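Subject: Structure handover

Hello,

Here is the structure for your files. My notes on what was found follow below it.

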Amino acid sequence: MKRHHALVFVPAAASLLLLTACSGGTPSGSESNGSSSAGTLGKTALVVAQGGLGDESYNDLAYSGFKKGLSDNGLEGTPIESDDVVGQGEQILRRAGDEGLGLVLDLEYSHAEILPKVAADYPDTDWVLVNAEAKGDNVASVLFQEQEGSYLAGALAAMQTVNTSDPKINPDKVIGVIGGAQSAGIDKFLVGYIQGARDVDPDVKVLSAYSNDFADPTKGQQLAQSMFDQGADIVYAVAGGTGAGVIQAAKDSNHYAIGVDADQDDVAPGFVLTTMLKKTDVAMETLLKDYADGKFPGGTTLNLGLKEDGVGLSDFKNTKDAIGAETIGKVDDLKKKIIDGDVKVWNVVTQGYPDFYSGK
């Protein structure tokens, strides 16, 4: 996978690294267009989530939006990575506060309890938490309704798994899904996917597993191959960089993967049925613009679902013929019903776990 340059967080050296990121010059790994507004507002940082940059998914998509937002608004900033972004979370955030950054955008959902405490101690810094809610007058939260887009992915998979005219589809009504870790934030995807499949065809069997890692393609490939061996012909990957292995297994087995976050349809053309898009790039661009305009939405939560075009399926450019216009039309109808409120998609974060999935 491709790698990007970023500041790497090491506890003993973190203060120096962040000081470099916020000095008068533009350090290696930072982004800037040289505008003086950066000095007025304070520099920015993007805390990269588990899986790191180079995942060709969640982190990379957010980083692309971060870079564009910096360029468009005359800001400077840098990504910050850690090999243990969960365990070192409070240290990372406090170092950012100590260096007087103007805005810190945090992609790591596990920081939900840490960030409000840190933000309260650094009131002159604006903070953003993605994928979880955090309270604070200088904190904005971003929640994606991933369950809605995943519902469409599950519905599509349930319809396609019975399309035996497609050479990648076997006679078994079995599909699968692999999560990066067992947590409410990841299980939003899984439950939405399973619900969509069940609503289309209650007889479709949905296999599930967790890789417990967001940056292990080998593990993803092994888990997906196991599902294909059990009769699955479509496997949804919700595991960051680990999903690259799921796509590889689909290609090797002549079946399908479903990608996630960034559009992965071209990673293995014809073997990625669709991608459940989660537009973190748009969220980054929006928040950086609001910050630059002096309109940072502190104390609020930005909710992005199908209605707001924050999530959705890719356009099937490599699989349109295999899926067929009738099935695509049915998926579009389901999308409209969700937006109109005629179909209610289960949200694990707010509703807990449904009877049809225990989170194990």
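**Helix packing**

Helix 3 and helix 10 cross with right-handed geometry (right-handed if the near helix is turned clockwise from the far one by less than a right angle, left-handed if anticlockwise). This is a predicted model, in which local features need pLDDT of at least 70, side-chain atom pairs count only at pLDDT 80 or more, and totals for chains, interfaces and linings use all residues. Residues are numbered from 1 along each chain as its sequence is written, and side-chain values use heavy atoms, with hydrogens and water left out. Helices (H or I, at least four residues) and strands (E, at least two) are DSSP runs, numbered from the N terminus.

Helix 3 covers residues 58-73 and helix 10 residues 280-292; they pack at about 30 degrees with axes 7 Å apart (axes are lines fitted to C-alpha atoms, for helices over the stretch in contact, and angles run from 0 to 180 degrees between N-to-C directions). That makes helix 3 roughly parallel to helix 10, the term for angles under 35 degrees. Residues of helix 3 that meet helix 10 include Tyr-58, Leu-61 and Phe-66, and those on the helix 10 side include Met-284 and Leu-288; contact means heavy atoms within 4.5 Å.

Thr-286 also lies in helix 10. It is partly exposed, at 35% relative accessibility (buried is under 20% relative accessible area, exposed over 50%, partly exposed in between, with a 1.4 Å probe and protein chains only). Thr-286 and Gly-65 are 221 residues apart in sequence, yet their C-alpha atoms are 8.9 Å apart.

**Core**

The largest nonpolar core has 68 residues, of which Leu-105, Val-128, Tyr-193, Ile-234, Tyr-236 and Met-284 touch the most other members. Such a core is a set of buried Ala, Val, Leu, Ile, Met, Phe, Trp, Tyr and Cys residues joined through side-chain atoms within 4.5 Å. Helix 6 (residues 146-160) gives the most to this core, with eight residues. All 15 of the 15 residues of helix 6 are buried, so the helix is largely enclosed by the rest of the structure.

Beyond four places in sequence, the contacts of Ile-234 include Ala-157, Tyr-193, Phe-228, Ile-258 and Leu-273.

**Strand 10**

Gly-259 sits in strand 10, residues 256-261, and is buried at 0% relative accessible area. Leaving out residues up to four places away, Gly-259 touches Tyr-236, Ala-237, Gln-264, Val-272, Thr-274, Thr-275 and Met-276. Leu-277 is 18 residues from Gly-259 in sequence and 8.2 Å away in space, C-alpha to C-alpha.

Regards

Key
Angles under 35 degrees count as roughly parallel, over 145 as roughly antiparallel, 65 to 115 as roughly perpendicular and the rest as oblique.
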